[in-house]
Amino acid sequence: MAAMPACLVTLVVALTILLSRGQVSAAPATAERRREVRSFLRRLNKPPLATVQSPDGDVIDCVHISKQPAFDHPLLKNHTIQMRPSCHPGGMYHESHITHHPINQTWHLNGKCPENTIPIRRIKEEDVLRASSRTRYGTKRTGSIPNNNSIDDPETPNVLRGHQHAVASAQVDKCYGTKISINLWQPMISRANDFSLAQLWIIGGSYSGNDLNTIEAGWQVYPHFYSDNNPRLFIYWTSDAYKTTGCYNLLCSGFVQTNNQIAIGGSISSIFSTYGGTQYDFEILVWKDPEGGNWWLQVGSIDVGYWPSSIFSYLADSASSVMWGGEVFSPDAGQTSTRMGSGHFPKEGFGKASHMKNIQLVDSSNYLRPPNDVQLVTEQPHCYNVRNGISDDWGTYIYYGGPGKNPYCP
């Protein structure tokens with residue numbers, strides 16, 4: 001791409017600064033764009049059999065299971081729904097020390113969806129208009145997982161700009177899933193377009209071949225996307241390094257939901273961890289069903305649904321690496337003050353720093369075991385950092401997070 005003229009660089013920088021200060025507003029949507037968005041929403045929002053108005057402002061549509069967005073995918077036109085996994089992973093490592101917490105969502109206060117339907121968070125016109133374009137709505141920017149190369153390494157593709165991570169990773173020959181107990185916080189977001197999240201990544205392929213496959217799940221706070229600061233359960237997937245495939249939640253075809261209790265993208269009820277106080281954790285398990293080959297998602301004790309193996313290339317067989325930890329994204333220039341997790345560094349420990357515990361992998365025998373040779377990855381350790389350890393009660397665990405901008409992270 002040709003170099004941008006100096007005058008345009010100056011203008012872009014100036015506009016970025018003004019936008020971050022709230023002194024420039026996005027131009028009103030044109031009539032043509034509104035028509036395009038409304039057409040998109042008619043395809044996206046499926047006709048509900050019932051509707052629940054959530055106290056947080058969400059509208060939850062109860063859509064018949066056979067009419068969900070997944071079946072718009074060309075590879076799933078004749079797909080037969082697998083209503084439940086053939087089996088769950090065995091060998092629950094440190095199971096006697098795990099405290100199970102149900103996943104409660106705000107919309108549950110006002111109703112529930114009937115059998116044979118799934119709850120889908122309705123997308124509104126203003127949600128899509130906040131995106132840079134209709135085609136970019138609900139997608140991640142190209143390149144949003146860390147790698148073990150330095151961010152300054154000239155051999156590393158320039159795909160991580162704006163993304164900062166504090167994660168643990170494990171390289172495996174063949175991996176068939178992972179389970180974690182994940183600590184829930186409500187981090188402060190300092191810029192309108194920033195997000196902060198905690199998640200797991202199941203990975204195959206690579207950026208360099210444009211064939212990166214990922215399955216992702218966790219919680220995130222993303223005001224620009226959801227129009228509030230609530231922590232929300234989310235999922236993501238891609239089969240081509242985030243270029244044209246994949247999306248958040250159920251915003252594109254792919255993930256097949258089977259459960260009528262969990263709204264993916266729905267806010268989690270206000271039971272958050274507090275600094276120096278009560279800690280709230282919930283469990284996430286993603287594993288490859290040895291019989292059907294689909295990648296199932298379990299949240300708490302609920303089997304939510306699955307990613308069909310047919311939508312992937314590398315993950316149609318198995319994963320080659322797994323990651324766990326936090327990510328902050330800010331598209332604006334300069335270091336953000338958006339917090340990761342609790343906003344405190346790992347050295348502060350339990351009740352103050354964010355944690356993930358009982359980290360396990362699923363092996364070829366569909367058995368949970370602790371990971372070996374865990375590596376730690378962070379681009380700017382004075383902004384966000386990560387530590388790992390092993391204990392009798394917690395198995396393999398990490399502390400991660402940080403405040404972002406501070407005297408040592410200018």
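A cavity is a set of grid points where a 1.4 Å probe fits but cannot get out. Its volume is the space filled by probe spheres set on those points. The model examined here is predicted. Under this definition, two cavities of 30 Å³ or more were counted.

The second largest cavity holds about 30 Å³ of space. Strand 2 (59-64) and strand 3 each give two or more residues to its lining. The lining residues are L44, N45, K46, D61, V63, I120, R121 and R122. By class, four of these residues are charged, three are nonpolar and one is polar.

The largest cavity encloses about 120 Å³. Its lining comprises 13 residues. Those nearest the centre are I120, R121, I123, L250 and L251. Nonpolar residues number nine in this lining, alongside three polar residues and one charged residue. Strand 3 (117-121) and helix 4 (223-226) each supply at least two residues. Strand 3 contributes the most, with three residues.

Strand 3 thus recurs in the description of both cavities. It gives the most residues to the lining of the largest cavity, and it supplies two or more to that of the second largest. Individual residues recur as well. I120 and R121 are among the residues nearest the centre of the largest cavity, and both also line the second largest cavity.

Methods: Residues numbered from 1 in each chain as written. Predicted model: local features only at pLDDT ≥ 70, side-chain atom pairs only at ≥ 80, totals over all residues. Heavy atoms only, no water. 1 Å grid on protein atoms, 1.4 Å probe; cavity = no way out; pocket = protein on both sides within 12 Å on 5 of 7 lines; lining within 4 Å. Helix = DSSP H or I, 4+ residues; strand = E, 2+ residues; numbered from the N terminus. Nonpolar A, V, L, I, M, F, W, Y, C, P; charged D, E, K, R; others polar.
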